[in-house]
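Open the model in your viewer and keep the sequence panel beside it. The tour below moves from one selection to the next and tells you what to look for at each stop.

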Amino acid sequence: MAPALCANCNTERALIKRPKNHAKLCKACFIKVFEEEVHHTIISSRLFHRGEKVAIGASGGKDSTVLASVLKILNERYDYGLELVLLSIDEGIKGYRDDSLETVKRNAVQYDMPLKVVGYDELYGWTMDQVVATIGKKGNCTYCGVFRRQALDRGSKMLGIKHVVTGHNADDIAETVLMNLLRGDLARLSRSTSIVTGDSRSEVKRSKPLKYSYEKEIVLYAHHKKLDYFSTECIYSPEAFRGSARSLIKQLERVRATAILDIVRSGEDMARLVPRDTSSSCSCKEQKNAAPIALAEDDVGGCGSQNGRTPGNEMAAMDKQLRDNEVHEKFEIDVAKVISEGKKTGPEKQQWGLPTRNGNSATGAVGGQVLGNCERCGYMSSQATCQACTLLDGLNKNRAQIQI
Ligand SMILES: [Zn+2]
Ligand SMILES: [Zn+2]
């Protein structure tokens, strides 16, 4: 049987079956299409402005490495006029950051971008190893995530940069949507789908240019572009609830490739039901005047390393398999086989009887959070003290008791 031709260029042999929609593409077209989709997200949400200084939250992991690589390419290809800087956070986890920081340092050279490294110890007086020694491994990803979020903001401020981009992908967003849905937290759900977080009071804007990119496609992109990234998983495991949401999404993806994007879109649609909280979507669907803004405080992603998020190290396994398969690359490979052996089952559209919500109850139930600033550190917060300061209070009490 003749090998299938690329559905895009119709000349080259199709080597990649896109996880997102199962389109069969050649390597060059996959890379181009992946980049163009990110460009489309950036343009349609008016994410950047000319001359803007942008910090890329860089962990050395696949997501942020791909983000840095794609932004560099798009910045040059479409002349965005951005000044890109790599911003790395050292959580203080022995043996983990050492290698990933080396990776980020190499990336800085490869992409010709300045690099700034900020440590948890400088910012909070605690390394993650010290946190774990004090509270144990349970729940430490909460600390890591909360600290990390502010660390990027504080690091940016130090650099005089007002916009941080992170490597959060569609899988991450879908995970958060599902978690908030399962918690019945519609207000938070709406914010988690926004491409931009932060508000007028926060000095630093945060955004997720890869919010529509599948994790599997990020791995494929990194592989085919031969990007230099650190693939060891974070040694501290994610929280059970997030882990469960993650497993569920991976299972859904196996039987329905579009499930991840569908969850993200549903999250965006549900967000529109929530008053006083702008949601986000690609503006092809709906024209908006400006990029929507949401609260960064709700952008809790557990361990912010972008690693250690997949049960059974699925992404690491996929990565390894891709490397192993590299020698066979001149032959036709159906990458989808590597990724999952899922079969399409059942009717594509299920009809769920969705209860309708009337406007008033929606306002009362979910629209009522008031945003202010933390009285200790000034970081925006819906409580008097922000999450980081609350966590630090607990930690410092522990430390005081130990010293007595
Ligand atoms: Zn092609
Ligand atoms: Zn605070």
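Select Asp63 in this predicted model, and ask whether it is buried or exposed. Asp63 has 29 other C-beta atoms within 10 Å, and because a residue counts as buried from 20 such neighbours upward, Asp63 is buried. The residue lies in helix 2, and it is one of the positions that UniProt, in an unreviewed entry, marks with the feature "binding site".

Now add the other positions that carry this annotation in the UniProt record, namely Gly57, Ala58, Ser59, Ile89, Gly167 and Asp172. Among them, Ser59 is worth a separate look, since you will find it in the loop between strand 3 (53-57) and helix 2 (62-77). Ser59 counts as buried because it has 27 C-beta neighbours inside 10 Å.

Next, select the whole of helix 2, which has 16 residues and reaches 22 Å from its first C-alpha to its last, close to the 22 Å expected at 1.5 Å a residue. Colour its buried residues, which are Lys62, Asp63, Ser64, Thr65, Val66, Leu67, Ala68, Ser69, Val70, Leu71 and Leu74. Against which elements do these buried residues pack? If you show the surroundings, you will find helix 1 (27-44), strand 3, strand 4 (83-90), helix 3, strand 6 (163-165) and helix 9 (215-224) as their packing partners. Before you leave, look at Asp79, which follows helix 2 and has a positive phi, near 50°.

From here, turn to the largest nonpolar core, which holds 86 residues. Which of its residues touch the most other members? They are Ile56, Leu67, Leu87, Phe147 and Ala174, and you have already coloured Leu67 as one of the buried residues of helix 2. Select helix 6 (residues 140-159) as well, for this helix gives the most to the core, with seven residues. Then centre the view on Ala174, which touches Ile249, Ile260, Ile263 and Val264, when residues up to four places away in sequence are not counted. As a general background to this stop, nonpolar side chains in soluble globular proteins tend to be buried together.

The next selection is Arg188, which has its place in helix 8 (residues 186-192). Arg188 counts as buried because it has 24 C-beta neighbours inside 10 Å. Add Ala271 to the selection and draw a distance between the two C-alpha atoms: Arg188 and Ala271 are 83 residues apart in sequence and 9.0 Å apart in space.

Two further stops concern the backbone. Asn10 sits in the segment before strand 1 (16-17), and it has a positive phi of about 60° although it is not a glycine. Asn10 is exposed, because it has 10 other C-beta atoms within 10 Å and the cut-off for exposed residues is 12 or fewer. Asp112, in the loop between helix 3 (97-110) and strand 5 (115-119), has a positive phi of about 55°, although it is not a glycine either. Asp112 is likewise exposed, with 9 other C-beta atoms within 10 Å.

Finally, zoom out until the whole chain is in view. Its secondary structure comes to 15 helices and eleven strands, and of its 404 residues 46% count as buried. Among contacts between residues at least 6 apart in sequence, 75% join residues at least 24 apart.

Notes
Residues are numbered from 1 along each chain as its sequence is written. Chains are lettered from A and ligands numbered from 1 in the order in which they are written. This is a predicted model: local features need pLDDT of at least 70, side-chain atom pairs count only at pLDDT 80 or more; totals for chains, interfaces and linings use all residues. Helices (H or I, at least four residues) and strands (E, at least two) are DSSP runs, numbered from the N terminus. Two residues are in contact if their C-beta atoms, placed from the backbone, lie within 7 Å. A nonpolar core is a set of buried Ala, Val, Leu, Ile, Met, Phe, Trp, Tyr and Cys residues joined through C-beta atoms within 7 Å. UniProt positions are given in the numbering used here, feature names are shortened, and annotations may be inferred rather than shown by experiment. The expected span of a helix is 1.5 Å times one less than its number of residues.
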